[in-house]
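Here is a friendly first walk through a structure you may not have met before. Take a moment to turn it around, and then read on.

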Amino acid sequence: MSPKISVVITAHNEEARLPSCLEHVSFADEIIVLCDKCTDMTAEIATSFGAKVFVGMWEIEGERRNFALSQAGGDWIVEVDADEHVSPELAEEIRQTVKFSSYAYHDLPVDNYIGSRLVRYGWGASFGKPAYGGLFRRGIKHWGPQRVHPAVKFDGVKGPSLRHPVRHYVDRNISDMIRRLDSYSTARAADLRDSGSIGSFVNNFRRMIMRFFKCYFLRKGYREGGLGFLVALFAGLFPIISYIKAKYEDK
């Protein structure tokens, strides 16, 4: 008997993108959709696709992701977001992997899109993901208590990365990129204030330079033209804007 596969999706007001995401995970034995503070038709759409839907309000990203994972009953879990698609090739690779894997988890590579353009180079440093631990046995993945980019812990040994990528539609356009930087940095500022140690301007200025250099040069963001420059720039700006918001904005 093949291991049971659950797909877990956390969503906030994703009525526009969720249907396409759900169409691409129909290979799963079970689909879990967590609706966090949704005021649109996200829950109704998920229900119409036969998903198990959980509705609530969470301030901490790590907490809502952990809750969603706890509701899955599969032997293996595939965790995706509403702006991500699992191709038929990746779905088949997942099915074959869970049949024979002796490992606890596997990375899924990611193809990141801005609008309709595939942007292969320059991602990372908290502003994109070239790969992530998206396929894992139930009970071994744990998210940390942060509002944005929570830490991740896995119990067990990591296996080889899968070959076929998740298609991640990161931003619709450049305005979306700007809005995401603002939203992420606001959440990160709250995490910094909660931690009691927001760091220093000098340290975060240094991180800005190093993150830009890493994304633009070491990860070859320059090959993407202006979009690669923006990805590297926003990755660099993220820590210093978060620090400035934590220091000077009201809670």
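How many positive and negative side chains does the chain have, and how far apart do the centres of the two sets lie? There are 34 positive and 30 negative side chains, with the two centres 7 Å apart. Keep in mind that this is a predicted model.

**The overall picture**

Let's step back to the whole chain. It contains 7 helices and 11 strands. Its radius of gyration is 18 Å, close to the 18 Å that the globule rule gives for 251 residues, so the chain is as compact as a globular protein of that length. If you draw a box along the principal axes, the C-alpha atoms fill roughly 55 × 40 × 35 Å.

What about inside and outside? Of the 251 residues, 49% are buried. The accessible surface comes to about 12,200 Å², and carbon and sulfur atoms account for 54% of that. As for who touches whom, take the contacts with a separation of 6 or more: 75% of them are between residues 24 or more positions apart.

**Salt bridges**

Back to those charges. The count of salt bridges comes to 19. Here are three of them, each with the distance between N and O atoms:

| Acidic partner | Basic partner | N to O distance |
|---|---|---|
| Aspartate 36 | Lysine 37 | 3.1 Å |
| Aspartate 176 | Arginine 179 | 2.6 Å |
| Aspartate 182 | Lysine 245 | 2.7 Å |

Start with the pair in the top row. Aspartate 36 has a relative accessible area of 3%, so it counts as buried, while lysine 37 is partly exposed at 27%.

The next pair sits within one helix. Aspartate 176 and arginine 179 both belong to helix 5 (residues 174-195), and they are 3 residues apart, which is about one turn of the helix. Aspartate 176 is buried, with a relative accessible area of 13%.

Which parts of the chain does the salt bridge between aspartate 182 and lysine 245 tie together? Aspartate 182 lies in helix 5 and lysine 245 in helix 7 (residues 226-248), so the pair ties together parts that are 63 residues apart in sequence. Aspartate 182 is partly exposed, at 44% relative accessibility, whereas lysine 245 is buried, at 9%.

Finally, some salt bridges join up. Glu61, Arg65, Glu79, Asp81 and Lys141 are linked in a network of them.

Terms used: Residues numbered from 1 in each chain as written. Predicted model: local features only at pLDDT ≥ 70, side-chain atom pairs only at ≥ 80, totals over all residues. Heavy atoms only, no water. Helix = DSSP H or I, 4+ residues; strand = E, 2+ residues; numbered from the N terminus. Rg over C-alpha atoms; globule rule 2.2 N^0.38 Å. Buried < 20%, exposed > 50% of the residue type's maximum accessible area, 1.4 Å probe, protein only. Contact = heavy atoms within 4.5 Å. Areas by Shrake-Rupley, 256 points an atom, 1.4 Å probe, with all protein chains shown as cover. Lys, Arg positive; Asp, Glu negative; His and termini not counted. Charge placed at Lys NZ, Arg CZ, Asp CG, Glu CD. Salt bridge = Lys/Arg side-chain N within 4 Å of Asp/Glu carboxyl O.
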